[in-house]
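User: Please take a close look at one part of this model: the place where its two domains meet. I want to know what builds the contact and how it sits in the whole chain.

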Amino acid sequence: MPNRSISNRLTRRGFIHGAAGAGLTLVAAPALLRRAVAHNWGTACGDPFSLGVASGASRPDGFVLWTRLAPEPLSSDPRTPGGMSGGDVTIGYEIATDSAMRNIVRGGKATAERAYAYSVHLDVTGLRPGRPYWYRFTSGDAASRIGRAATLPARDAALDKLRFGFVSCSNYEHGYFAAYRHLADEHPEFVLYLGDYIYEYVEHNRPVVRRHSDGVESATLPTYRNRYAQYRLDPDLQRLHAEVPALITWDDHEVQNDYAGKYSEYFTDPELFLMRRAAAYRAFYEHMPLRPIVSQPHGPIMRVYDRFGFGGLIEISLIDGRQYRSREACYGPPYKGGAHLETDKSCPERLAASRTMMGFAQEAWLHSGLAHSNAQWNLIAQDVLMAQYRLRQGDDFAFSTDDWDGYPANRTRLLRHIHKTRVANPVVVSGDIHSFLANDLKLDFDDPTSPVVATEFVGTSISSYGPPYRPLARALPDNPHVHFFESRRRGYVCVDLQPAHMQVRMRVVSDARDPNAGISTLRTFAVESGRPGVVAA
Ligand SMILES: [Fe+2]
């Protein structure tokens, strides 16, 4: 836990005064502003901005800026989250058009809400579309690092290129986050976080390179808060958030492994489990640059799914694959609470038309958005493998119940809709299984003559251990729509998009156990406009 020294604080203060010399006509002078929002941090206190800054939920006229005041980020006293006490705290903010914060175009006060662990979700509007902005927060004699945000291009803007990354599954105990650092070095316009941003459990069975510091499974609001705080103290993750806007959804480990809706893999009473889910969702909101009001949690209910358009080039539907799920097929003690393998004979329930991954309201929202999109490319960003993956079991095939194979009726409805409404260049990006995959999504996976209607790329994990390679690789001949599978490497995916062409680079770190790990490209794939399906680049 960094407890920054007084000399560091003095250095930072000197920097702020030095940088505040010019271009301040549109806002109150910073010295006045700082006095107006002064807060006595005291010399014994740590940096209130120890958890860094983040931007996200971008729109053509604005974005959300985030920070959370936490002078003692891992405070174990639940009454003083992050070492804070008392009521809401007013802090200052500044937004500039340059990285040196000389041309400040917006500034004022923001509220760090006691009810949300003194986090700030500043919803900024009225900015110009399609450009970067830089920002920082101030409080008394303290200032945050400078972050970079960006507005989305105007809805009718013609873009000729766009770079973005997607990531998932960063287990702090399994490795360092060098992959986040290397992604920041590629300067993407935004990063899609597809889930398992934190891990709630503590590793007891496999080697670890660093420990979840409280040593307990996150299950309550204070323990979820501390987990997020520990992850946000990681310098590579903190840098990525400061430099690149985030579009974020979740998977299971933000709450509990393999949960589905209100159903826990441990058969907890659903009403009790919803209390845990409420704590987990609240901590998620407190640490992410999500829109206030829209995404503020109400008990165990929280809106995460959202849509983002980048001019006419691409529209992104960001999906929540956990909150609204039917429970796992053939759910039952002692071993079938979470992911398990089932054949059609052992579990006909898996195939039921009533089963849903997305919930019917979100499904209708997605179908409507796809049908009305005018974008050249349409991306569905979500948590788990969408393609069918058959595993031989005797004379039969078995399917995992935790990914889209557990909800095939929902998948069929979506792929039929994409086909019927002729959605332009549909591409799905996924996480969860700690493996790279490049897949054709077919209207009917069991029919070799069935058309390919979309393309899927699955990113590996940032650091979480992958599943055993051999048993899954052995199944490739039974899954001819899967063009590539690799579970032994950690990293991320970087996408370079043009109107006629999508290039997908699977990037791997040399060793996730090494904080200074290097980076290389494992494989590169492509999708050509007008032709769904994976192409070798
Ligand atoms: Fe994961």
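Analyst: The answer below starts with the domains, moves to their contact and ends with the whole chain. Keep in mind that this is a predicted model.

The domain assignment splits the protein chain in two. Domain 1 covers 6–150. Domain 2 is written in two pieces, 162–213 and 224–536. Taken over C-alpha atoms, the centres of domain 1 and domain 2 are 32 Å apart.

Now the contact itself. Domain 1 puts in 29 residues, and domain 2 puts in 25 residues. On the side of domain 1 that touches domain 2, four strands each supply at least two residues: β1 (53–59), β2 (62–68), β5 (119–124) and β8 (147–150). The largest share comes from β1, with 6 residues. What is the chemistry of this side of domain 1? Its residues divide into 16 nonpolar, 9 polar and 4 charged.

Next, the setting. The protein chain holds 9 helices and 25 strands. Its C-alpha trace spans about 75 × 50 × 40 Å along the principal axes. For 537 residues, a compact globule would have a radius of gyration near 24 Å. The protein chain has 23 Å, so the two agree. Buried residues make up 50% of the 537 residues.

Last, the contacts along the protein chain. Take those between residues at least 6 apart in sequence: 72% of them join residues at least 24 apart.

Back to your part of the model: on the domain 1 side, β1 gives the largest share, 6 residues.

Key:
Residues are numbered from 1 along each chain as its sequence is written. This is a predicted model: local features need pLDDT of at least 70, side-chain atom pairs count only at pLDDT 80 or more; totals for chains, interfaces and linings use all residues. Domain bounds come from an automatic or database domain assignment. Two residues are in contact if their C-beta atoms, placed from the backbone, lie within 7 Å. Ala, Val, Leu, Ile, Met, Phe, Trp, Tyr, Cys and Pro count as nonpolar, Asp, Glu, Lys and Arg as charged, and the others, Gly among them, as polar. The radius of gyration is taken over C-alpha atoms; the globule rule is 2.2 Å times the number of residues to the power 0.38. A residue is buried if 20 or more other C-beta atoms lie within 10 Å of its own, exposed if 12 or fewer, and partly exposed in between; C-beta atoms are placed from the backbone.
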